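Biologist: Before we begin, could you show me the model, and then take my questions one at a time?

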Amino acid sequence: MPTITKKAAKKAARSAKKTKTPHKTRTPKCPTGIAGFDQISEGGLPRDRATLVCGGAGSGKTLWGIDFLIKGATEFRENGIFMSFEETVEDLYRDVASLNMDLQGLVAKGKIQVEHVLLERRDIQESDFNLEGVLIRLEHAIDAIGAKRVVLDSIESLFSGIADLGVLRMEVKRLFRWFKEKRVTAIVTGEPGQGTYSRHGLEEYITDCLIFLDNRVYEQVSVRRIRIVKYRGSYHGTNEYPFVIDGSGLSVIPVTAAALDRLGTDKRVSTGIHSLDKLFGDGRRSGGYTKGSSILASGTAGTGKTSLATAFAFARCRADERCLFLSYEESPGQLIQNMSSIGFDLKPMLRSGLLKIISTRPSLFGLEKHLLELHKVIAEFKPSAVIIDPLTSLVAEGNPHEIESMVTRMIDMLKSRGITAFFTSLVPSTSQNFMSGEIGVSSLIDTWIVVREIEEEPSRRRVRGLYIVKSRGMNHSSDIHKLVMSDTGLALVPMPTGPRTKGRRDAPQAQGDDSTAET
């Protein structure tokens with residue numbers, strides 16, 4: 001009997017271990033090109049497999065499929081087929097024309113082929129049902145333009161005549177298996193049933209990927225949501241995500257835009273008020289806000305929040321940096337006129353292109369659209385500072401959870417791009433304290449300034465007071481200073497000593513959990 005040496009035994013063991021350990025492979029992905037969706041799906045839809053996109057009327061199923069084909073043809077050089085069982089080719093052209101989707105132009109170039117299949121009653125009868133005719137026509141279209149993407153709209157129209165669930169399951173499996181054999185990435189749209197994602201309740205179990213679209217109305221505002229219900233062989237985001245449909249197609253907005261991996265910095269940017277700069281820091285370096293941080297100025301009406309924001313914008317433009325000013329209460333002309341009375345002439349900044357003012361009513365559209373528009377403007381204008389005045393105007397446009405989520409995404413997006421963000425927040429006159437205007441995101445704010453009304457004695461004259469609640473990463477003054485406005489600008493002066501100065505309410509103590517050491 002032959003003997004096995006120790007060296008040979010170790011070699012055989014290593015070989016056996018390699019054989020038993022399977023090689024890990026990632027599920028091949030087909031990027032959709034739809035903004036935000038490829039992020040939450042970890043790369044896109046499963047390549048060469050079928051995805052079922054379900055949703056009620058008006059949820060965006062057809063547009064989702066068309067956008068998938070258009071992005072594939074224009075961004076990834078993958079031709080596509082759109083097979084419709086309900087809308088004609090002319091109807092589809094007309095439906096997407098208002099969304100700047102050049103479907104007709106891509107069809108003319110041979111990048112996309114649109115097929116309208118008119119199904120007669122005899123074609124979908126259960127006794128005579130046969131997918132062969134549809135598959136032959138689909139195969140001919142795929143081979144004609146070398147398509148890699150296919151959209152079928154909708155599966156209910158194709159299988160509406162089948163009542164036997166056993167036959168239906170076999171035909172759906174046959175259709176999905178055919179896509180795999182043809183090596184095309186397919187989207188099949190469907191309608192939800194009673195308590196199920198699909199009309200028959202079978203398709204959702206057969207498909208490799210299931211996406212559910214929802215269009216709901218809250219407080220008279222329409223809100224669209226998307227959720228990846230299942231995705232075989234791949235990790236994916238499981239939450240509901242808002243998405244919008246606009247002139248650029250579809251856009252999904254993830255809850256967070258970046259991980260918490262931003263590097264810190266000790267760079268400072270001026271507040272635009274020399275005396276306010278001195279309240280930050282320890283005197284050994286120039287004061288001001290931390291570059292790329294988030295600042296909140298809260299207070300009641302008429303305390304100077306917009307003036308503080310304008311001073312910051314004015315300083316950024318004078319430093320030859322671009323600044324975006326989003327005003328939810330004043331028009332650009334009104335803002336320019338009002339700020340000129342305190343020494344801030346914004347017209348030269350606007351003409352030079354360093355300052356951009358956008359005014360819109362918060363009720364014009366939902367929170368998601370506001371955030372998406374901010375994404376687009378920032379991508380186009382590329383500012384180093386953004387001002388939102390006031391942030392609380394958006395409060396009435398959603399429930400508290402949605403507001404907090406939207407503000408979190410907004411702050412996260414600005415910080416991830418190194419943009420210094422300045423927010424103003426209106427505190428109701430009936431509020432019990434001056435720190436109620438933080439909208440539940442005080443932990444995300446780096447610098448918090450409160451402005452308030454103060455009544456001086458014995459003159460009983462109304463003045464404005466300012467103090468710093470917190471400022472991360474730097475020392476700051478804890479004293480209340482008088483905010484003085486004049487035709488030459490803003491200034492802070494120490495409050496006079498002597499008799500107690502009365503405020504409309506007692507000044508609250510700064511929260512020590514977020515504040516740094518104070519001078």
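What follows is a set of questions and answers about this predicted model.

Biologist: What is the mean pLDDT of the protein, and over which residues is the pLDDT below 50 with zero contacts beyond near neighbours in sequence?

Modeller: Since this is a predicted model, we start with the predictor's confidence in each residue, which runs from 0 to 100. The mean pLDDT of the protein is 82, and 81% of its residues reach 70 or more. There is also a stretch where the pLDDT is below 50 and where the model has zero contacts beyond near neighbours in sequence, and this stretch is residues 16-23.

Biologist: How many contacts beyond four places in sequence does the model have for residues 504-519?

Modeller: Over residues 504-519 the pLDDT stays under 50. For this stretch, the number of contacts in the model beyond four places in sequence is 50.

Biologist: Which helix gives the largest share of the largest nonpolar core?

Modeller: The largest nonpolar core has 38 residues, and those with the most contacts inside it are Leu-276, Tyr-289, Leu-308 and Phe-422. The largest share of this core is seven residues, and they come from helix α11, residues 305-318. Apart from this core lies another one of 37 residues, with Leu-45, Leu-92, Tyr-93 and Tyr-241 among them. The helix you asked for is α11.

Biologist: How many of the residues of α11 are buried?

Modeller: The 14 residues of α11 should span 20 Å at 1.5 Å a residue, and the end C-alpha atoms are 20 Å apart, so the two values agree. A residue counts as buried when its relative accessible area is under 20%, and by that rule α11 is mostly covered. The number of buried residues, out of 14, is 13.

Biologist: Just after α11, which residue has a positive phi although it is not a glycine, and is this residue buried or exposed?

Modeller: The residue is Asp-320, which lies in the loop between α11 and β15, and its phi is about 65 degrees. Exposed means over 50% relative accessible area, and Asp-320 has a relative accessibility of 62%, so Asp-320 counts as exposed.

Biologist: Where in the fold is Arg-77, and what is its phi?

Modeller: Arg-77 has its place in the loop between α3 (61-75) and β4. Because its relative accessibility is 80%, Arg-77 counts as exposed. Its phi is a positive value in a residue other than glycine, near 55 degrees.

Biologist: Why are the buried residues of α6 on the same side of the helix?

Modeller: The buried residues of α6 are Val-134, Leu-135, Leu-138, Ala-141, Ile-142 and Ile-145. On the other side of α6, Gly-133, His-140, Asp-143 and Ala-144 are exposed. The buried residues pack against β4, β5, β6, α7 and α8. They are on the same side of α6 because they cover an arc of only 130 degrees around the axis.

Biologist: Which residue's side chain is joined to that of Ser-198 by a polar contact?

Modeller: Ser-198 lies in the loop between β7 (185-190) and α9 (203-206), and because its relative accessibility is 1%, Ser-198 counts as buried. Leaving aside neighbours within four places in sequence, Ser-198 is in contact with several residues, including Leu-52, Cys-54, Glu-191 and Glu-204. The polar contact between the side chains has a length of 2.9 Å, and the partner of Ser-198 is Glu-203.

Biologist: How far apart in space are Ser-198 and Val-53, C-alpha to C-alpha?

Modeller: Along the sequence, Ser-198 and Val-53 are 145 residues apart. In space, from C-alpha to C-alpha, the distance between Ser-198 and Val-53 is 9.2 Å.

Biologist: What is the omega of the cis peptide bond that joins Asp-153 and Ser-154, and what is the omega of the cis bond from Asp-389 to Pro-390?

Modeller: Ser-154 lies in the loop between β6 and α7, and the omega of the cis bond from Asp-153 to Ser-154 is about 5 degrees. Pro-390 lies in the loop between β17 (385-389) and α15. For the cis bond from Asp-389 to Pro-390, omega is near -15 degrees.

Technical notes: Residues are numbered from 1 along each chain as its sequence is written. Side-chain values use heavy atoms; hydrogens and water are left out. A nonpolar core is a set of buried Ala, Val, Leu, Ile, Met, Phe, Trp, Tyr and Cys residues joined through side-chain atoms within 4.5 Å. Buried means under 20% relative accessible area, exposed over 50%, partly exposed in between (1.4 Å probe, protein chains only). Helices (H or I, at least four residues) and strands (E, at least two) are DSSP runs, numbered from the N terminus. Contact means heavy atoms within 4.5 Å. A polar contact is a pair of N or O atoms within 3.5 Å; within protein, one must be able to donate a hydrogen and the other to accept it, and residues adjacent in sequence count only if both atoms are side-chain atoms. The arc is that of the directions from the helix axis to the C-beta atoms. The expected span of a helix is 1.5 Å times one less than its number of residues.
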